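Here is a quick tour for anyone meeting this chain for the first time. Have a look at the picture, then read on.

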Amino acid sequence: MSPAASDRYAYFEHDADIGLTGHGATLEEAFEAAAAGMFAIMTDLACVRRERTVKLEFEEADVELALVRWLNLLLATAREQRMVFAEFRLDRDGVVWRGAATGETWRGDHERGVEVKGATLTMLRVGQREGGWDARCVVDV
């Protein structure tokens with residue numbers, strides 16, 4: 001399955017893995033979009049029931065490293081709790097990031113895409129552009 005881009009996230013070519021860029025009006029929205037793009041690689045987000053919300057928190061001063069920490073924390077939490085997430089929320093207060101992910105327990109009838117093993121530092125870039133923010137990295141598949 002080749003994931004489809006949306007107006008919130010896009011994919012870019014990378015030799016062995018998948019490049020991911022989240023777009024948002026704010027930094028936090030770009031991170032939320034990157035999270036949606038990452039989980040869209042694994043399954044069709046439209047089919048994920050919004051049954052349970054998990055809260056997440058981490059500290060990171062560097063916004064680029066924060067993107068990688070956010071995505072990897074989401075993956076670890078999803079694996080730990082055998083869940084798949086489809087909606088994301090993130091707020092920042094200085095170096096403290098507080099977020100939430102909403103989804104359901106993984107079901108056998110979810111369309112299986114490609115497993116994402118983790119977000120990497122490869123091609124990592126977070127920055128402002130005209131009209132908003134972009135948050136980009138390569139995810140290991």
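What follows goes from the whole chain down to single residues.

## The big picture

First things first: this is a predicted model. In it, the chain folds into two helices and eight strands. Reading from the N terminus, you meet them in the order β-β-α-β-α-β-β-β-β-β. The radius of gyration is 14 Å, close to the 14 Å that the globule rule gives for 141 residues, so the chain is as compact as a globular protein of that length. If you wanted to box up the C-alpha atoms along the principal axes, you'd need a box of roughly 40 × 35 × 25 Å.

How do the contacts spread along the sequence? Take the contacts between residues at least 6 apart in sequence: 65% of these join residues at least 24 apart.

## Inside, outside and charge

Of the 141 residues in the chain, 48% are buried. On the outside, the accessible surface comes to about 7,200 Å², and carbon and sulfur atoms account for 45% of that.

As for charge, the chain carries 17 positive and 25 negative side chains. The centres of those two sets lie 5 Å apart.

## The nonpolar core

Which residues touch the most other members of the largest nonpolar core? In this set of 42 residues, the answer is Phe-31, Phe-39, Trp-70 and Leu-74. Several elements give two or more residues to the core: strands S2 (18-24), S3 (52-59), S4 (83-93), S5 and S8 (132-140), along with helices H1 (27-42) and H2 (63-80). The largest share, eleven residues, comes from H1.

Trp-70 is a good one to zoom in on. Setting aside neighbours within four places in sequence, Trp-70 is in contact with Phe-31, Glu-32, Ala-35, Leu-56, Phe-58, Phe-88, Arg-89, Leu-90, Gly-99 and Ala-100.

## Two buried alanines

Ala-100 sits in strand S5. Is Ala-100 buried or exposed? Its relative accessible area is 5%, and buried means under 20%, so Ala-100 counts as buried. Beyond residues up to four places away in sequence, Ala-100 touches Thr-53, Val-54, Lys-55, Trp-70, Glu-87, Phe-88 and Arg-89. Of these partners, Phe-88 is twelve residues away from Ala-100 in sequence, with 5.7 Å between the two C-alpha atoms.

Over in helix H1 you'll find Ala-36. With a relative accessible area of 1%, Ala-36 is buried too. Not counting neighbours within four places in sequence, the contacts of Ala-36 are Arg-8, Tyr-9, Leu-45 and Phe-88. Ala-36 and Tyr-9 are 27 residues apart along the chain, yet their C-alpha atoms are separated by 7.7 Å.

## Two valines with faraway partners

Val-126 belongs to strand S7 (residues 125-129). The relative accessible area of Val-126 is 12%, so this residue is buried. Leaving out neighbours within four places in sequence, Val-126 is in contact with Leu-27, Phe-31, Val-63, Glu-64, Leu-67, Trp-133, Asp-134 and Ala-135. Thr-105 is another story: 21 residues from Val-126 in sequence, and 31 Å from it in space, C-alpha to C-alpha.

Val-114 lies in the loop between strand S5 (96-105) and strand S6 (118-119). With a relative accessible area of 29%, Val-114 is partly exposed. Now compare its position with that of Gly-94: the two are 20 residues apart in sequence and 34 Å apart in space, C-alpha to C-alpha.

## Two loop residues with positive phi

A bit of background first: most residues other than glycine have a negative phi. Where is Arg-82? You'll find Arg-82 in the loop between H2 and S4. Arg-82 isn't a glycine, yet has a positive phi of about 55°. The relative accessible area of Arg-82 is 66%, so this residue is exposed.

Met-123 is in the loop between S6 and S7. Phi of Met-123 is near 55°, again a positive value in a residue other than glycine. Met-123 counts as partly exposed, at 38% relative accessibility.

Key:
Residues numbered from 1 in each chain as written. Predicted model: local features only at pLDDT ≥ 70, side-chain atom pairs only at ≥ 80, totals over all residues. Heavy atoms only, no water. Helix = DSSP H or I, 4+ residues; strand = E, 2+ residues; numbered from the N terminus. Rg over C-alpha atoms; globule rule 2.2 N^0.38 Å. Buried < 20%, exposed > 50% of the residue type's maximum accessible area, 1.4 Å probe, protein only. Contact = heavy atoms within 4.5 Å. Areas by Shrake-Rupley, 256 points an atom, 1.4 Å probe, with all protein chains shown as cover. Lys, Arg positive; Asp, Glu negative; His and termini not counted. Charge placed at Lys NZ, Arg CZ, Asp CG, Glu CD. Core = buried A, V, L, I, M, F, W, Y, C linked by side-chain atoms within 4.5 Å.
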